[in-house]
Amino acid sequence: MEQKVQLPEPSLRGTVSVEEAIKNRRTVRTFSKNPLTLKHLSQVLWAAQGTTGDTMKFRSVPSAGIIYPLDLYVVIGQNAVQGLPVGVYRYLPDAHALERLREGDKRQDVAQAAFGQSWMTEAPVLLVISAEYDRLMERYGDRAVRYADLEAGHAGQNVFLQAEAEGLGAGIVGVSNPTVINEVLGAATGEEPLTIMPVGYKGF
């Protein structure tokens, strides 16, 4: 099983303004079966957690203490992304690459651990935003959870706006069973999955 997939370089200029993306953004619950391009997926992942600094590894979202407690997992369905095998991946921001963790289509398993919302399985891709609170605890104590949750919100909004700018749609739901989600993802111990974002072309 191939462990890493290098993603195409993200574009830094788009054809949709920030204002247009904000105005047109909606939570999408119906998706077409058309597969995403690897370029589209690359752009959305970069918007969520990609690096933006030339010398320091700043990311696309603000983070308390520049600690970056979030991890981003990508659940890929069958024939969902052109040139990318089905499975579960973790996004590697510094390398702008994907690390494959699991084989098989796990979208249904993820949906069942999110209040059984099976509509999510129509989307070719499910993004799971997860936080490791311990990364922030030493510096921020009890505030760590609040700061990480705020950061997850920033990442989610970036996904919404970048998806809209790319002609895609995104939804968002909470996690009802984090233990099951972590098992499905193959996530590290101590991670707390916070939200799931289905991404794909909008259905009609």
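# A guided tour of the predicted model

Of the 204 residues in the protein chain, 49% count as buried. The coordinates in the viewer are those of a predicted model, and the tour below proceeds from the whole chain to individual side chains.

**The whole chain**

Begin with the entire chain in cartoon representation. Six helices and eight strands make up its secondary structure. Followed from the N terminus, these elements run β-α-α-β-β-β-α-β-α-α-β-β-α-β. Along the principal axes, the C-alpha atoms fill a box of roughly 45 × 40 × 35 Å. The radius of gyration is 16 Å, which agrees with the value near 17 Å for a compact globule of 204 residues.

Next, switch on the molecular surface. The accessible surface comes to about 9900 Å², and 49% of that area belongs to carbon and sulfur atoms. As for the contacts between residues at least 6 apart in sequence, 73% join residues at least 24 apart.

**The nonpolar cores**

Hide the surface and select Leu-41, Leu-45, Val-74, Ile-76, Leu-98 and Leu-127. These are the residues with the most contacts inside the largest nonpolar core, which has 38 residues. Then colour the elements that each supply at least two residues of this core: helix 2 (38-49), strand 2 (70-76), strand 3 (87-92), strand 5 (125-131), helix 4 (134-140), helix 5 (143-165) and strand 8 (192-200). Helix 5 provides the largest share of the core, seven residues. In soluble globular proteins, nonpolar side chains tend to be buried together.

Centre the view on Ile-76 and display its surroundings. Leaving aside residues up to four places away in sequence, Ile-76 touches Leu-41, Val-81, Leu-84, Pro-85, Val-86, Gly-87, Tyr-89, Gly-104, Asp-105, Pro-124 and Val-125. Apart from the core of Ile-76 lies another core, of 22 residues; to find this second core, select Val-28, Phe-31, Val-175 and Ile-196, which are among its members.

**A nonpolar patch on the surface**

Restore the surface and select Met-56, Phe-58 and Ile-66. Together these residues form a nonpolar patch with about 280 Å² of accessible area. Met-56 is placed in the loop between helix 2 and strand 2; Met-56 counts as partly exposed because its relative accessibility is 47%, and the partly exposed class runs between 20% and 50%.

Ile-66 also lies in the loop between helix 2 and strand 2. With a relative accessible area of 44%, Ile-66 is partly exposed. Its backbone deserves inspection: Ile-66 has a positive phi of about 55 degrees although it is not a glycine.

**Another positive phi**

Move to Asn-79, in the loop between strand 2 and strand 3. The phi of Asn-79 is near 55 degrees, a positive value in a residue other than glycine. Asn-79 is exposed, its relative accessible area being 63%.

**The salt bridges**

Show the side chains of Asp, Glu, Lys and Arg as sticks. A search of the whole structure finds five salt bridges, and several of these are visited here.

- Select Arg-90 and Glu-99. Their side chains meet in a salt bridge, with 2.9 Å from N to O. Arg-90 counts as buried, since its relative accessibility of 19% falls under the 20% limit.
- Select Asp-105 and Arg-107. The closest N and O atoms of this salt bridge are 2.7 Å apart. Arg-107 is buried, with a relative accessible area of 13%, whereas Asp-105 is partly exposed at 35%. Asp-105 is also one of the residues that Ile-76 touches.
- Select Glu-132 and Arg-135. In this salt bridge the closest N and O atoms are 3.1 Å apart. At a relative accessible area of 29%, Arg-135 is partly exposed.
- Add Asp-71 to the last selection. Asp-71, Glu-132 and Arg-135 are linked in a network of salt bridges.

**A last distance**

Finish at Gly-116, which lies in the loop between helix 3 (107-112) and strand 5. Gly-116 is partly exposed, with a relative accessible area of 32%. Draw a distance from its C-alpha atom to that of Ala-165: the two residues are 29 Å apart in space and 49 residues apart in sequence.

How values were computed: Residues numbered from 1 in each chain as written. Predicted model: local features only at pLDDT ≥ 70, side-chain atom pairs only at ≥ 80, totals over all residues. Heavy atoms only, no water. Core = buried A, V, L, I, M, F, W, Y, C linked by side-chain atoms within 4.5 Å. Buried < 20%, exposed > 50% of the residue type's maximum accessible area, 1.4 Å probe, protein only. Helix = DSSP H or I, 4+ residues; strand = E, 2+ residues; numbered from the N terminus. Contact = heavy atoms within 4.5 Å. Patch = residues over 30% accessible without salt bridge, like charges linked within 9 Å, V, L, I, M, F, W, Y side chains within 5 Å. Areas by Shrake-Rupley, 256 points an atom, 1.4 Å probe, with all protein chains shown as cover. Salt bridge = Lys/Arg side-chain N within 4 Å of Asp/Glu carboxyl O. Rg over C-alpha atoms; globule rule 2.2 N^0.38 Å.
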